[in-house]
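Let's walk through this model together, going from a strand outwards to charges, cysteines and an annotated loop. Keep the viewer open as you read.

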Amino acid sequence: MTASPPLPCIAIAGPTASGKTAGAMALAAVLGTRGQAVEIISVDSALVYRGMDIGTAKPSQEEMGLVPHHLIDIRDPLQAYSAAEFVQDTQRLVAEIRARGALPLLVGGTMLYFKALFDGIDDMPAADATVRAQLEQRAADIGWHGMHAELAKVDPATAARLAPGDSQRIQRALEVFMISGQPLSHFHTRARAAAAEAPPVATLFSLEPAERSWLHARIAQRFDAMLEAGLVQEVAGLRARGDLHADLPSMRCVGYRQAWEEMDWQARRGGELNRHLLREKGIAATRQLAKRQITWLRSMPQRRVIACDAPDATAALVQAVLDHLAVQRS
């Protein structure tokens, strides 16, 4: 008997507030009526954290009860979760989901994770506490903008894609160079070359707006909903733990970072939290995130674009995936 080919792997990406969760749930529902089970793998660096529900727009308990979800609530906010760990976990999950006869559906907007999955990750030096301490001391002396300038001298390719204030990634890039003598971009180039020889990881469907103003309105509406649902109280509870700080990857997530900064400012000056200023900063930061996400997506010519601001966007996404699956299985 000839073995059945492995089920295809579908990826749904898009900027924040583009309707990825709604599209994925609609697709799962339609496939379910056709006897095809679906399991969702979250591609979101914020959803991995427990206790961070409102500001991450985490799927509801009802949604996660209807369709199995993976890589959600797997880390405490004090812990880190790397792109390499995501790739390892996703490869394992895809195999397990296929073995159950279900369709793996990768859904999210953390483009670093998609990039690592599609382009591969070469073996890089592990973190070194001594080197990191040296870099933190150097940053205290010259600032992260100065560290970014130093990175540009040894790894211009990586420096060009990092913002001068992105302390976490600047530190990691300099750490890799100090340990290995090779720029971070060297490892990424080797990984891309290896990935190019491998079969595609997944077919990528990208939800992108034809009009940026539509997405901006959605972002504002969603941030307002988060504030109404208790984002400030959620961040206050995280601060009250006493073991978290603003430089952790979890607290650098959009929304959480702005709320934390405003609470710090409130603590210094006293008085009420400036919710209006928090709203402005949160929306602005989310817009910048969406802009970066769209830029990354547009660098991938193989993606299949669905206009997320079209009235029938969800139906169009579902039909596009169904058509693709029909071709794959014919």
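Which residues point one way from strand 4, and which the other way? Leu103, Leu105 and Val107 go one way, Pro104, Leu106 and Gly108 go the other, and all are buried. Buried here means under 20% relative accessible area, with exposed being over 50% and partly exposed in between (1.4 Å probe, protein chains only). Put as a count for strand 4, residues 103-108, that is 6 of its 6 residues buried.

Before going on, a word on what you're looking at: this is a predicted model, where local features need pLDDT of at least 70, side-chain atom pairs count only at pLDDT 80 or more, and totals for chains, interfaces and linings use all residues. Residues are numbered from 1 along each chain as its sequence is written, and side-chain values use heavy atoms, with hydrogens and water left out.

The strand and helix numbers come from DSSP runs counted from the N terminus, with helices being H or I of at least four residues and strands being E of at least two. By that reckoning the chain has 13 helices and 6 strands.

So who sits beside strand 4? Strand 1 (residues 10-13) pairs with strand 4 in the parallel sense, over 4 bridges; two strands count as paired if DSSP finds at least two bridges between them. To find this pairing on screen, look for Ile12, which stands opposite Val107 of strand 4. Strand 2 (residues 38-43) also runs parallel to strand 4, and that pairing has 6 bridges. There, Val38 has Leu103 as its bridge partner in strand 4.

Follow the chain on from strand 1 and you come to a loop that leads to helix 1 (20-33), and Pro15 lies in that loop. Ala17 is found in the loop between strand 1 and helix 1 too. UniProt, in an unreviewed entry, lists Gly14, Pro15, Thr16, Ala17, Ser18, Gly19, Lys20 and Thr21 under "binding site". Those positions are given in the numbering used here, feature names are shortened, and annotations may be inferred rather than shown by experiment.

Are Pro15 and Ala17 buried or exposed? Pro15 counts as buried because its relative accessibility is 0%, and Ala17 is buried as well, at 8%. Leaving aside residues up to four places away in sequence, Pro15 touches Lys20, Leu207, Pro209, Leu215, Ala290, Gln293, Ile294 and Leu297, where contact means heavy atoms within 4.5 Å. With the same neighbours in sequence left out, Ala17 touches Trp214, Leu215, Arg218, Ile219 and Arg222. Leu215 turns up in both sets of contacts.

Now for the charges. Side chains of opposite charge can pair when their charged atoms come close. A salt bridge here is a side-chain nitrogen of Lys or Arg within 4 Å of a carboxyl oxygen of Asp or Glu, and a search of the whole structure finds 20 of them.

One of these joins Arg92 to Asp89, with 3.7 Å between the closest N and O atoms. Both residues lie in helix 3 (residues 83-99), 3 residues apart, or about one turn of the helix. Arg92 is partly exposed at 40% relative accessibility, whereas Asp89 is buried at 15%.

Glu150 and Arg138 form another, with their closest N and O atoms 2.4 Å apart. Glu150 is partly exposed at 25%, and Arg138 is partly exposed at 37%. Asp243 and Arg241 meet at 2.9 Å, N to O; Asp243 is partly exposed at 33%, and so is Arg241, at 36%. Asp53, Lys58 and Asp73, meanwhile, are linked in a network of salt bridges.

What about disulfides? The search finds 0 of them, taking a disulfide as a pair of cysteine sulfur atoms within 2.5 Å. Two cysteines to look at are Cys253, buried at 12% relative accessibility, and Cys308, buried at 5%.

Finally, zoom out to the whole chain. Its C-alpha trace spans about 65 × 50 × 35 Å along the principal axes, and 45% of the 330 residues count as buried. Among contacts between residues at least 6 apart in sequence, 77% join residues at least 24 apart.
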